[in-house]
Amino acid sequence: MQGVERVGQIISKYFALIVILVSIIAFLSPGGFTWIVPYITLLLGIIMFGMGLTMKATDFAIVAKKPIPVIIGVVAQFVFMPGIAFALTQIFDFPYELAVGIILVGACPGGTASNVMVFLSKGDLPLSVAMTSISTLLAPIMTPAIVLLLASQYVDVNTGSMFLSIVQVVIIPIVLGILLRRFFPKVVTKSVPALPLVSILAILAIVTAVVSNNKENLATTAFILFLAVLLHNTLGLLLGYIAAWMFKLDESKKRSVSIEIGMQNSGLGASLATQYFEPITALPSAIFSVVHNITGPIMVSIWSKRPIKE
């Protein structure tokens with residue numbers, strides 16, 4: 001198990017480069033990865049199950065003790081990222097399939113990788129975990145509602161089916177993970193070191209599936225779409241920090257809110273896009289997976305060198 005944990009640490013360290021590399025390979029040789037497409041939802045379920053295995057009741061205690069920072073962060077999550085996404089679709093005038101994809105990834109909850117970035121950035125880790133947990137639990141309601149509000153002008157949005165899909169692929173695996181940790185703690189403790197590697201491999205598989213399934217579309221939209229997703233991510237990081245600053249949160253919480261808002265659960269976006277919309281709609285989520293695993297470590301490198309001043 002130590003060897004698996006070590007491999008996971010190495011891959012995590014160079015994750016951004018690995019994502020770019022496998023994306024290029026999937027683009028050049030799509031036939032080797034398109035078979036993964038039907039398993040995207042299953043892969044996301046595995047990631048969410050792993051998230052559940054790492055969660056415990058104390059993760060939610062901060063919400064009861066200090067709810068204001070969590071409320072600020074979660075509200076900002078579901079206001080800023082969808083709002084930025086919608087604005088970008090108007091500015092860049094994307095085809096409706098890509099516009100829906102950008103809005104969809106903006107409507108998703110925070111990504112699990114944000115907790116690692118917050119820890120390395122010397123941010124408030126309990127706040128980050130609480131924000132991820134609460135936004136994820138709210139996703140079955142918030143994500144379909146936001147997509148309906150902002151994307152119904154482009155396509156019909158089946159909010160009921162989308163709600164059930166998110167419950168099945170996000171909430172149920174998380175609950176199963178929590179229950180397994182509760183009743184079989186020794187087994188879970190032994191398996192936890194392998195979870196980062198499992199999650200990373202699942203994310204890489206999702207990215208390669210989406211890229212390989214959209215080779216032609218990616219060839220014609222790669223630059224402008226990458227620019228839009230980069231703006232989406234960086235503006236989320238910036239506005240998250242500003243929101244925390246406006247409410248006079250301390251520096252560690254500013255970093256947590258910033259990273260939590262800027263890093264989305266792009267795997268969920270890819271899964272919902274593949275299930276409910278055109279294949280090209282999943283592209284913004286796949287590119288977001290690449291982008292936020294580049295900007296995240298950049299923020300870590302900046303903030304980790306700056307001590308928190310009390």
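This is a short talk through some salt bridges, aromatic pairs, single residues and a surface patch in one protein chain.

Hi everyone, and thanks for coming. Before we start, please keep in mind that what you see is a predicted model.

Let's begin with the charged side chains. How many salt bridges does a search of the whole structure find? The count is 3. One of them joins aspartate 124 to lysine 253, with the closest N and O atoms 3.1 Å apart. If you look for these two along the sequence, you'll find them 129 residues apart, so to speak in distant parts of the chain. Aspartate 124 sits in the loop between helix H7 (113-120) and helix H8 (125-151), while lysine 253 belongs to helix H13. Are these two buried or exposed? Aspartate 124 has a relative accessibility of 14%, and because the cut-off for buried is under 20%, it counts as buried. Lysine 253 is buried too, with a relative accessible area of 14%.

Now stay with lysine 253 for a moment. Lysine 253 also forms a salt bridge with aspartate 250, and here the closest N and O atoms are 3.4 Å apart. Aspartate 250 is partly exposed, at 39% relative accessibility. Put together, Asp124, Asp250 and Lys253 are linked in a network of salt bridges.

Next, look at arginine 255 and glutamate 251. Their side chains meet in a salt bridge, at 2.9 Å from N to O. Why are they separated by about one helical turn? Because they are 4 residues apart in helix H13. Both arginine 255 and glutamate 251 are buried.

Let's move on to the aromatic rings. There are 3 aromatic pairs in the count, and I'll show you two of them, starting with tryptophan 35 and tyrosine 39. This pair is edge-to-face, with 6.4 Å from centre to centre and 65° between the planes. Tryptophan 35 is exposed, at a relative accessible area of 54%, whereas tyrosine 39 is partly exposed, at 44%.

The other pair I'd like you to find is tyrosine 241 with tryptophan 303, and this one is stacked: the centres are 6.0 Å apart, with 20° between the planes. Tyrosine 241 lies in helix H12 and tryptophan 303 in helix H15 (residues 283-303), so this pair ties together parts that are 62 residues apart in sequence. As for accessibility, tyrosine 241 is partly exposed, with a relative accessible area of 25%, and tryptophan 303 is buried, with 7%.

Helix H12 brings us to the surface. Which residues make the nonpolar surface patch of about 980 Å²? Among them are Phe223, Ile224, Leu227, Ile242, Trp245 and Phe247. Take isoleucine 242 as an example: its place is in helix H12 (residues 215-246), and at 32% relative accessibility it counts as partly exposed.

From the patch, let's step over to threonine 89. The C-alpha atoms of threonine 89 and isoleucine 224 are separated by 11 Å, although the two are 135 residues apart along the chain. You'll find threonine 89 in helix H5 (residues 67-92), where it is buried, with a relative accessible area of 3%. Its side chain makes a polar contact with the side chain of glutamine 90, at 3.3 Å. Leaving aside neighbours within four places in sequence, threonine 89 is in contact with Phe94, Ala99, Ile102, Ile103 and Tyr154.

My last stop is glutamine 264. Where is it found? Glutamine 264 is in the loop between helix H13 (251-262) and helix H14 (266-276). At 1% relative accessibility, this residue counts as buried. A polar atom of the glutamine 264 side chain lies 2.9 Å from the backbone oxygen of cysteine 108. Setting aside neighbours within four places in sequence, glutamine 264 has several contacts, including Gln77, Met81, Val105, Gly106, Pro109, Phe288 and His292. Cys108 is also one of its contacts.

To recap, if you want one place to begin exploring, try lysine 253, where you can trace the salt-bridge network with Asp124 and Asp250. Then go to the stacked pair of tyrosine 241 and tryptophan 303, and finish at the buried glutamine 264. Thanks for listening!

Key. Residues numbered from 1 in each chain as written. Predicted model: local features only at pLDDT ≥ 70, side-chain atom pairs only at ≥ 80, totals over all residues. Heavy atoms only, no water. Buried < 20%, exposed > 50% of the residue type's maximum accessible area, 1.4 Å probe, protein only. Polar contact = N/O pair within 3.5 Å; in protein donor to acceptor, adjacent residues only side chain to side chain. Contact = heavy atoms within 4.5 Å. Patch = residues over 30% accessible without salt bridge, like charges linked within 9 Å, V, L, I, M, F, W, Y side chains within 5 Å. Areas by Shrake-Rupley, 256 points an atom, 1.4 Å probe, with all protein chains shown as cover. Salt bridge = Lys/Arg side-chain N within 4 Å of Asp/Glu carboxyl O. Phe/Tyr/Trp six-rings, centres within 6.5 Å; stacked < 30°, edge-to-face > 60°.
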